Amino acid sequence: MTARIVLLGATGYTGRRTAEEMVGRGLRPVLAGRSPRRLAPLAQRLGDLETATADATDAASVRALVTEGDVLVSTVGPFVQLGEAALAAAVEAGATYLDSTGEPPFIRRVFEEFGPLAERTGASLLTAFGNDYVPGNLAGALALQLAGEQAHRVEVAYYLTGGGRSQVFSRGTLASLAGVATEQVFTWRDGISAEPAGLRMRTFPVAGRERPALTIGSSEHYTLPRLHPGPHEVDVYLGWFGPATKAVHLGSRVGSSLLRLPGARPLVRRLGELATSRVAEEPDPAVLERVTSHFIGATFDAAGTPQSEVRLVAGDPYRLTARLLAWGAGRAAERGVTGLGALGPVDAFGLDVLEAGCAEIGLRRT
Ligand SMILES: NC(=O)c1ccc[n+]([C@@H]2O[C@H](COP(=O)([O-])OP(=O)(O)OC[C@H]3O[C@@H](n4cnc5c(N)ncnc54)[C@H](OP(=O)(O)O)[C@@H]3O)[C@@H](O)[C@H]2O)c1
């Protein structure tokens with residue numbers, strides 16, 4: 001029997017696109033959100049879907065959405081501020097949970113705090129199940145499989161090309177990025193190790209030239225070391241900042257000490273909120289059609305000699321996020337997932353099923 005799917009955040013940009021992709025796959029999710037007025041026309045347009053009202057600031061209303069065995073998908077962000085209620089509801093109910101976060105502090109809480117609780121209640125938690133960070137999990141795992149025992153270190157990189165200077169991110173994504181700019185992130189050195197975002201910079205050859213990228217904390221730091229044989233070092237890079245990369249990198253090095261000054265963090269956060277309030281709610285669909293998303297997984301031996309490299313590409317990152325969430329939720333509802341607690345995409349579905357599922361939705365090896 002197919003489990004019930006509940007999509008919380010259905011009225012947002014990512015949520016609406018996810019609902020459309022779910023319906024395109026023949027699924028009939030319950031559309032949940034805080035505004036019945038916004039839910040009703042969407043539910044009607046997508047084929048008279050069931051709706052439910054819940055507010056992320058009212059934990060009991062979110063808890064009432066899910067029962068044991070359900071699949072709960074949350075696209076309500078910023079997750080650092082609004083994500084806990086859905087996560088806690090899934091853990092308490094013993095449900096399968098997927099979300100669209102890309103925020104390192106939230107990912108860390110899922111693996112370190114909620115994962116162990118979920119193992120006890122029978123819940124399975126799949127965080128960051130979108131453009132960030134499923135493709136890097138797949139590329140990294142494939143590169144590790146190719147390198148075998150020789151892989152001491154794995155590097156994963158995310159790039160977007162083709163967007164020029166146009167707005168490629170939704171306001172919701174920019175608000176979430178601004179919210180974590182002042183936070184510590186992490187890397188993996190035989191264990192999780194805290195460090196500022198953007199601490200290390202390197203270039204990768206992408207679309208015909210060397211392009212810079214900066215380190216970030218993500219799910220690969222927790223999931224790739226679990227694979228066998230697991231790497232001792234994991235670094236994940238974002239190459240989204242183009243010519244601004246160097247400034248962001250320097251800002252990260254200087255900023256981490258400046259941010260210790262009293263009042264600095266709230267000020268930077270407020271500046272981020274102000275900046276994001278001025279951009280359009282949604283990116284221009286014509287721009288997204290021109291964008292290519294590139295994902296790299298590369299391994300190195302203990303001496304730093306390259307061992308293997310796997311590259312994946314896709315188009316519009318929001319389409320990819322919506323399709324990943326729809327595929328993951330559909331597969332979990334129909335066939336279940338392997339494992340309890342905080343899982344990576346490879347843990348939950350297996351490498352072959354994940355690679356085939358990703359290829360079907362347009363994320364392919366080059
Ligand atoms: N990992 C990735 O690759 C990836 C890709 C896409 C998006 N994201 C993340 O996903 C999140 C959503 O992005 P978006 O572009 O869809 O943003 P958005 O359009 O602003 O959508 C936010 C959603 O959250 C809902 N919401 C806000 N406060 C709420 C509350 N108190 N209770 C219940 N619902 C509430 C909004 O409901 P209303 O409609 O009622 O306002 C809306 O549905 C962001 O954190 C973004 O960074 C990540």
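Which domains does the domain assignment of the chain give? Here are some friendly notes to read beside the structure, which is a predicted model.

1. **The two domains.** The domain assignment gives domain 1 (5-131 + 319-361) and domain 2 (134-318). Notice that domain 1 is written as two stretches of the chain, 5-131 and 319-361. If you mark the C-alpha centre of each domain, the two centres lie 23 Å apart.

2. **Where the domains meet.** Contacts link 34 residues of domain 1 with 31 residues of domain 2. On the domain 1 side, at least two residues come from each of α1, α4, α6 (104-121), α13, α14 (345-349) and α15 (351-360). That side of domain 1 is made up of 18 nonpolar, ten polar and six charged residues.

3. **The ligand and its shell.** Which residues come closest to the ligand? They are G12, T14, G77, G130 and G172, among 33 residues that surround the ligand. By type, the shell holds eight nonpolar, 20 polar and five charged residues. The ligand's shell draws residues from both domain 1 and domain 2, so the ligand lies between them.

4. **Helices around the ligand.** Four helices each supply at least two residues of the shell: α1 (13-24), α4 (79-82), α8 (171-180) and α13 (317-335). Of these, α8 gives the most, with four residues. You met α1, α4 and α13 above, since each also supplies at least two residues to the side of domain 1 that touches domain 2.

5. **The largest nonpolar core.** This core has 101 residues, and those touching the most other members are L7, L8, L72, A86, A90, L125 and A329. Helix α13 provides the largest share, ten residues. Both domain 1 and domain 2 give residues to this core, so the core lies between them.

6. **A closer look at L8.** L8 is a good residue to click on. Leaving aside residues up to four places away in sequence, L8 touches A32, G33, A54, V62, L65, L72, V73, S74, V76 and A86. Two of these partners, L72 and A86, are also on the list of core residues that touch the most other members.

7. **The seven-stranded sheet.** In what order do the strands of the open sheet of seven strands run? The order is β3-β2-β1-β4-β5-β6-β15, and the pairing is parallel. At the edges are β3 (51-53) and β15 (341-342), each of which pairs on one side only. Strand β2 (residues 30-33) runs parallel to β3 and is joined to β3 by three bridges. One example to find is G33, whose bridge partner in β3 is T53.

8. **Antiparallel strands.** For contrast, follow β10 (residues 201-206) and β11 (residues 209-216), which pair in the antiparallel sense over six bridges. Here T203 stands opposite P212 in β11. Strand β11 also runs antiparallel to β12 (residues 233-239), with three bridges joining them. In that pairing, I216 stands opposite V236 in β12.

9. **The hairpin turn at A207.** Two residues lie between the strands in the hairpin of β10 and β11. A207, in the loop between β10 and β11, has a positive phi near 45 degrees although this residue is not a glycine. Is A207 buried or exposed? A207 is exposed, because 11 other C-beta atoms lie within 10 Å, and a residue with 12 or fewer counts as exposed.

10. **Another positive phi, at D48.** D48 is not a glycine either, and its phi is positive, about 50 degrees. D48 sits in the loop between α2 (36-45) and β3. With 9 other C-beta atoms within 10 Å, D48 is exposed. Why point these residues out? Most residues other than glycine have a negative phi, and most peptide bonds are trans.

11. **Two cis peptide bonds.** The bond from D132 to Y133 is cis, with omega near 10 degrees. Y133 belongs to the loop between β6 (124-126) and α7 (134-147). The bond from H228 to P229 is cis as well, with omega near -5 degrees. P229 is in the loop between α9 (220-223) and β12.

12. **One last residue, E334.** E334 is placed in helix α13. E334 is exposed, as 12 other C-beta atoms lie within 10 Å. For a sense of distance, try E334 and E233: they are 101 residues apart along the chain, and 35 Å separates their C-alpha atoms.

Methods
Residues are numbered from 1 along each chain as its sequence is written. This is a predicted model: local features need pLDDT of at least 70, side-chain atom pairs count only at pLDDT 80 or more; totals for chains, interfaces and linings use all residues. A residue is near a molecule or strand if its C-beta atom, placed from the backbone, lies within 6 Å of it. Ala, Val, Leu, Ile, Met, Phe, Trp, Tyr, Cys and Pro count as nonpolar, Asp, Glu, Lys and Arg as charged, and the others, Gly among them, as polar. Domain bounds come from an automatic or database domain assignment. A residue is buried if 20 or more other C-beta atoms lie within 10 Å of its own, exposed if 12 or fewer, and partly exposed in between; C-beta atoms are placed from the backbone. A nonpolar core is a set of buried Ala, Val, Leu, Ile, Met, Phe, Trp, Tyr and Cys residues joined through C-beta atoms within 7 Å. Two residues are in contact if their C-beta atoms, placed from the backbone, lie within 7 Å. Two strands pair if DSSP finds at least two bridges between them.
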